[in-house]
Amino acid sequence: MKLSEEMKNKTLLSFELFPPKTEKGLQNLPGTIDHLMKYNPSYISCTYGAGGGNVGANREVCQMIKNAGTTPVTHFTVIKNTKEGIKEQLDQYLADGVDHMLALRGDIPLGETTTCGDFDYATDLVKFVRDTYGDKFEIAVAGSPEGHISCRSLESDIAVLKQKQDNGADYIMTQLCWDMEQFKYWLDAIRCAGITMPVDVGIMPILDQAATINMALSRNACVMPRELCEIISKNWIFPNPFVQDPFDADVEGKKARFKEAGIEYTIRQIDEYRACGIDGIHLYALNKWKDVSEIIDRSGLRTLV
Ligand code: FAD
């Protein structure tokens with residue numbers, strides 16, 4: 001059964017992994033996946049480096065996911081990809097038995113103003129995949145509850161999401177959003193716009209100060225609620241969390257307290273999302289099974305599976 005069909009019956013739990021950059025990281029990944037498999041995820045997705053730089057590792061990770069016994073979903077972007085190149089890669093995924101994808105535009109490369117490929121937007125990719133492959137792929141698309149960083153307006157971004165549905169997309173995976181009022185507004189707005197696709201909510205566990213700030217601000221302009229800012233401020237590593245050798249005398253203590261408060265915050269966020277009637281929880285597992293397991297066990301998400 002398609003994941004989008006399953007989501008109509010129950011809230012799904014899934015994870016996101018990235019291809020490790022080192023050989024050792026790649027060797028450790030099957031163990032990480034085995035740990036995550038005890039939660040019986042409906043699927044595990046794997047990120048795709050913009051420009052296809054890590055496509056070999058991505059395919060390897062998809063095979064690990066498949067071998068572990070769940071559905072691999074590959075992310076896929078149009079950055080620096082020609083139509084022929086896209087077809088070649090998608091044929092290869094199908095030959096590998098990977099027939100679920102998250103169809104993305106990808107971030108415009110630094111210093112460029114275009115995708116440097118044949119397609120401009122994710123809508124083009126969705127249309128191309130449907131026209132070329134019919135129903136062979138199940139297609140997820142990105143949705144941004146706060147509006148994508150370069151959209152003209154939230155309304156124009158929602159119109160783009162409707163276009164993705166009209167072009168044949170099956171369900172939505174959302175961008176990180178901590179602003180729950182904004183999320184509820186967006187959920188109502190997309191339904192009013194005629195978007196009926198299931199909404200699978202992307203949640204990034206809050207475990208590390210620098211990574212949290214980076215994820216929120218380096219590309220996405222995510223609003224940080226006061227409560228999250230307090231967790232960051234109370235545990236601030238001086239002079240700042242980005243330097244290699246901070247002069248703060250309590251680095252380890254602050255890291256540990258930040259992580260504990262971040263896990264509690266993530267759990268409360270999961271509760272709030274579940275109370276909104278969303279269709280799936282997609283945890284960015286960041287290849288860290290121990291922390292993710294703690295979040296699932298303590299939040300009661302186990303009851304989903
Ligand atoms: P689009 O939907 O194409 O939108 C991009 C911008 O263009 C938006 O502002 C939109 O409003 C506007 N737009 C779209 N269509 C039109 C149109 N026809 N006319 C005018 N404006 C238009 N990136 C990676 O490189 N690798 C990954 O693995 C990856 N995984 C991700 C997973 C999730 C769950 C999410 C939410 C994002 C992920 N990203 C990843 C990031 C994503 O590639 C970026 O957010 C990228 O900048 C936009 O991709 P998109 O598919 O949302 O683009």
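The largest cavity has a volume of about 70 Å³, and one cavity of 30 Å³ or more is counted here. The model is predicted, which applies to every stop below.

**Stop 1: the cavity**

Select S144, P145, E146, G147, H148 and I149, then add Q175, L176, R219, N220 and C222; these residues line the largest cavity. Coloured by class, the lining shows four nonpolar, five polar and two charged residues.

**Stop 2: the second largest pocket**

Next, select D208, Q209, I237, V251 and K255. Of the 16 residues that line the second largest pocket, these lie nearest its centre. The elements giving two or more residues to this lining are α8 (209-220) and α10 (251-275). Helix α10 supplies the largest share, six residues. About 220 Å³ of space lies in the pocket. Its lining has nine nonpolar, three polar and four charged residues.

**Stop 3: the loop before α10**

Move to P239, in the loop between α9 (226-234) and α10. Show the backbone here: the peptide bond from F238 to P239 is cis, and its omega is near 5°.

**Stop 4: α10 against α11**

Keep α10 selected and add helix α11, residues 289-299. What angle do α10 and α11 make where they pack? The angle is about 50°, and the axes are 10 Å apart. That makes α10 oblique to α11. The crossing of these two helices is right-handed.

To see the contact from the α10 side, show K259, E260, I263, E264, T266, I267, I270, D271 and R274; from α11, show D291, E294, I295, R298 and S299. By class, the residues of this contact are four nonpolar, two polar and eight charged.

**Stop 5: C116**

Go to C116, which lies in the loop between β4 (100-104) and α5. Its backbone is worth a look: C116 is not a glycine, although its phi is positive, at about 60°.

**Stop 6: α5 against α6**

Select helix α5 (residues 122-133) and helix α6 (residues 154-166). Are these helices roughly parallel or oblique? They pack at an angle of about 5°, with axes 9 Å apart. Because angles under 35 degrees count as roughly parallel, α5 is roughly parallel to α6.

The residues to display are A122, T123 and V126 on α5, with V160, Q163 and K164 on α6; these make the contact. Three of the residues in the contact of α5 with α6 are nonpolar, two are polar and one is charged.

**Stop 7: α6 against α7**

Leave α6 on screen and add helix α7, residues 180-192. The axes of α6 and α7 come within 11 Å and cross at roughly 50°. The two helices are therefore oblique to each other. Viewed as a crossing, α6 passes α7 in a right-handed sense.

Which residues make this contact? On α6 they are L154, E155, I158 and L161, and on α7 they are Q182, Y185, W186, A189 and I190. The contact of α6 with α7 holds seven nonpolar residues, one polar and one charged.

**Before closing the viewer**

Two of the stops can be set side by side by class. Colour the contact of α10 with α11, with its eight charged residues, and then the contact of α6 with α7, with its seven nonpolar residues. Both crossings are right-handed, that of α10 and α11 and that of α6 and α7.

How values were computed
Residues are numbered from 1 along each chain as its sequence is written. This is a predicted model: local features need pLDDT of at least 70, side-chain atom pairs count only at pLDDT 80 or more; totals for chains, interfaces and linings use all residues. Side-chain values use heavy atoms; hydrogens and water are left out. On a 1 Å grid over the protein atoms alone, a cavity is a set of points where a 1.4 Å probe fits but cannot get out, and a pocket is an open set with protein on both sides within 12 Å along at least five of seven lines; lining residues have an atom within 4 Å of a point. Grid points are joined across faces, edges and corners, and a volume is the space filled by probe spheres set on the points. Helices (H or I, at least four residues) and strands (E, at least two) are DSSP runs, numbered from the N terminus. Ala, Val, Leu, Ile, Met, Phe, Trp, Tyr, Cys and Pro count as nonpolar, Asp, Glu, Lys and Arg as charged, and the others, Gly among them, as polar. Axes are lines fitted to C-alpha atoms, for helices over the stretch in contact, and angles run from 0 to 180 degrees between N-to-C directions. Angles under 35 degrees count as roughly parallel, over 145 as roughly antiparallel, 65 to 115 as roughly perpendicular and the rest as oblique. A crossing is left-handed if the near helix is turned anticlockwise from the far one by less than a right angle, and right-handed if clockwise. Contact means heavy atoms within 4.5 Å.
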